[in-house]
Amino acid sequence: MTDITKTGEWRALEALSAKPVDLRAAFSRDPERAQRFALEAAGIYLDFSKNRINDEILAALLALAKAGELEAAKKRMFAGEKINATEGRAVLHVALRDFALRAYHVDGEDVSKLVRAEREKMRDFVRRVHSGDFRGVSGKPLDTVVNIGIGGSDLGPQMATEALRPYWAPGRRAFFVSNVDGQHLADTLEGLDPERTLFIIASKTFTTQETMTNAASARAWFIEKTGDEKAIANHFVALSTNERAVADFGIDPANMFVFWDWVGGRYSLWSAIGLSIALQTSFDIFERLLKGAHAMDEHFRTAPLEANMPALLALIGVWNRNFENISAHAVLPYDQHLARLPAYLQQADMESNGKSRRMDGAPVSCATGPVIFGEPGTNGQHAFYQLIHQGTDVISSDFIAPALSQEPLGDHHEKLLANFLAQTEAMMLGKTEGEARAELEAQGLTKPEVDALAPHKVFPGGRPTNSILMEKLTPETLGALLALYEHKIFCEGALWGINSFDQWGVELGKTLAKAILPELAKLGEEKPEASAHDASTNALINRINAARAAQKNDQ
């Protein structure tokens with residue numbers, strides 16, 4: 001395969017990066033810059049004008065995309081080719097939200113029919129729960145959902161459920177348990193009525209250690225509270241493909257919802273994994289979420305590269321990562337309902353593009369995925385923005401906001417938007433020493449006071465930002481926003497020549513944890529000293545075991 005860093009297009013971008021773009025000067029010279037470096041699609045408006053690019057750089061980035069055969073990579077994904085080569089799988093989360101009745105073939109089978117059938121099964125189940133046709137064993141309605149999963153089986157549905165809070169069905173509650181730390185499950189179950197609670201166990205194989213440990217403990221809690229093991233069938237459903245394990249757990253296979261190998265975990269909220277979203281809102285709301293994503297899919301599939309929002313966002317990401325040497329990227333939603341979006345995108349981006357080997361197994365010859373972090377505005381402003389404004393490392397950022405609030409309250413939203421706009425302006429403009437001195441002098445400070453304070457008031461500026469704006473955070477715009485990021489991540493990985501759809505780096509720690517588990521003492525139990533690991537790990541195991549041996553087993 002072609003190493004993109006060995007192409008003339010890559011070398012042209014390296015030459016251009018030696019001539020830094022002064023954003024202040026660029027905006028001053030070009031009154032049309034903001035209009036030219038912006039576009040709209042599927043209800044999302046993207047302004048990328050505050051990145052350190054110009055027309056020449058953008059043209060060179062588009063040339064790089066052509067050299068990297070980005071269009072061909074996109075077509076292979078939509079065609080159902082097994083682009084996840086290390087696992088021999090197609091990547092077709094787009095099929096989960098296609099409402100154009102397009103066929104998607106995997107190994108000769110049109111999987112769109114399977115998708116539609118499972119979607120209808122979900123719709124019927126949600127209707128029965130909401131109407132009271134499907135009730136708990138005591139006849140009480142099931143108005144509380146506890147989703148037990150981890151990774152994509154937790155982050156996606158949890159993020160989307162919170163983002164859609166204004167659309168929650170009255171009287172319903174949703175909880176999400178992921179951490180194998182027993183405190184997470186215990187804190188969630190405290191105060192819940194088992195007779196009104198529906199547990200969703202989300203594990204494709206039904207063997208995921210953290211999920212199945214939590215599921216077993218939730219099952220034990222339920223049986224202890226109700227005294228009825230057979231009632232599991234009324235209070236537990238599964239999102240899985242392992243029918244035998246589901247039945248052995250006590251779940252009626254009729255209440256097992258499936259998804260497929262061509263649905264990666266971090267791309268699965270559009271599948272049966274989204275059942276918790278539909279139960280907390282309605283199936284119609286869930287379907288609107290899918291349709292918003294489909295609108296962005298269609299834009300991505302059909303728009304030329306120069307007007308293709310995910311592709312352009314990816315090219316800006318490649319420019320910042322590889323030619324501006326920016327290693328961290330902040331996701332900053334100015335909407336409290338998007339509080340979990342940064343965590344969701346941490347997995348989506350870092351698990352996808354945190355790779356150091358190309359598809360052909362050779363080491364990469366350029367930097368790949370950046371560190372993703374973030375918090376909702378304005379909380380982040382009083383936490384880590386200081387480093388973004390004046391730190392020694394340059395960090396790029398995405399600022400995301402709806403023009404209209406779902407929860408109008410006084411002038412709160414106007415103040416939120418003022419901060420959203422001011423922060424990107426400040427990061428672009430900065431403040432020169434001359435401006436700082438003039439400001440301090442206007443405040444009446446003496447010359448020695450100005451000399452002492454002015455250097456601390458200087459902001460370098462030129463910090464790259466994208467502004468992503470929507471009219472309102474609706475199911476449709478949320479779906480479009482998430483699909484935008486999915487396709488951006490795919491495009492970046494395709495250009496870097498890596499597989500964005502496997503995650504072998506997750507496996508090593510899991511394997512070692514299984515080996516260590518038998519070496520850890522139960523409370524009050526003595527264990528022989530560990531010696532099978534490195535000196536640090538052995539010492540830590542022995543220290544933990546000593547503390548546990550000294551603790552009476554009160555449980």
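How many cavities of 30 Å³ or more does the structure hold? Four. Before we go through them, please keep in mind that this is a predicted model.

Okay, cavities. Rolling a probe the size of a water molecule over the atoms shows where empty space is left. In the largest cavity, that space comes to about 110 Å³. It has 13 lining residues, and the ones closest to its centre are Gly317, Asn320, His329, Ser396 and Lys488. Three elements each give two or more residues to this lining: α14 (309-323), β10 (328-333) and α20 (475-496). Helix α14 gives the most, five residues. Sort the lining by class and you get five nonpolar, five polar and three charged residues.

Now the second largest cavity, with a volume of about 80 Å³. Among the residues lining it are Leu96, Val115, Met122, Trp260, Trp270 and Phe286. Helix α6, residues 112-131, gives the most here, with four residues. The class count for this lining is eight nonpolar, one polar and two charged.

Let's move on to the packed parts. The largest nonpolar core has 138 residues, and those touching the most other members are Phe199, Trp262, Leu275, Leu341, Leu478 and Leu481. Helix α20 gives the most to this core, twelve residues. You've met α20 already, in the lining of the largest cavity. If you want one residue to click on, try Leu275: setting aside neighbours within four places in sequence, Leu275 is in contact with Met122, Phe125, Val126, Ile200, Val237, Leu239 and Phe257. And Met122 is one of the residues lining the second largest cavity. There's also a second, separate core of 14 residues, including Ala330, Tyr385, Ile388 and Ile395.

Next, a polar residue. Is Gln347 buried or exposed? Gln347 counts as buried because its relative accessible area is 12%, and the cut-off for buried is under 20%. Gln347 is part of helix α15, residues 341-353. Leaving out residues up to four places away in sequence, Gln347 touches Gly151, Gly152, Leu155, Arg266 and Ser352.

Here's a helix that's good for learning: α8, residues 182-189. Which of its residues are buried? Leu185, Thr188 and Leu189 are. These three cover an arc of only 90 degrees around the axis, so they sit on the same side of α8. Over on the other side, Gln183 and Asp187 are exposed. What covers the buried residues? The cover includes the strands β5 (144-148), β6 (173-177) and β7 (197-202), plus helix α9 (209-226). After α8 comes Gly191, with a positive phi near 90 degrees.

Last stop, pockets. The largest pocket has a volume of about 1,100 Å³. Its lining has 39 residues, with Thr208, Gln503, Val506, Glu507 and Lys510 nearest the centre. Two or more residues each come from α7 (152-163), α9, α15 and α21 (507-516), and α21 has the largest share, six residues. By class, this lining divides into twelve nonpolar, 17 polar and ten charged residues.

The second largest pocket holds about 510 Å³ of space. It is lined by 28 residues, and closest to its centre are Met1, Ala73, Arg76, Ala494 and Gly497. The elements giving two or more residues are α5 (70-78) and α20, and the largest share, five residues, is from α20. Here the classes come out as 14 nonpolar, eight polar and six charged.

That's my tour, thanks!

Methods
Residues are numbered from 1 along each chain as its sequence is written. This is a predicted model: local features need pLDDT of at least 70, side-chain atom pairs count only at pLDDT 80 or more; totals for chains, interfaces and linings use all residues. Side-chain values use heavy atoms; hydrogens and water are left out. On a 1 Å grid over the protein atoms alone, a cavity is a set of points where a 1.4 Å probe fits but cannot get out, and a pocket is an open set with protein on both sides within 12 Å along at least five of seven lines; lining residues have an atom within 4 Å of a point. Grid points are joined across faces, edges and corners, and a volume is the space filled by probe spheres set on the points. Ala, Val, Leu, Ile, Met, Phe, Trp, Tyr, Cys and Pro count as nonpolar, Asp, Glu, Lys and Arg as charged, and the others, Gly among them, as polar. A nonpolar core is a set of buried Ala, Val, Leu, Ile, Met, Phe, Trp, Tyr and Cys residues joined through side-chain atoms within 4.5 Å. Buried means under 20% relative accessible area, exposed over 50%, partly exposed in between (1.4 Å probe, protein chains only). Contact means heavy atoms within 4.5 Å. The arc is that of the directions from the helix axis to the C-beta atoms.
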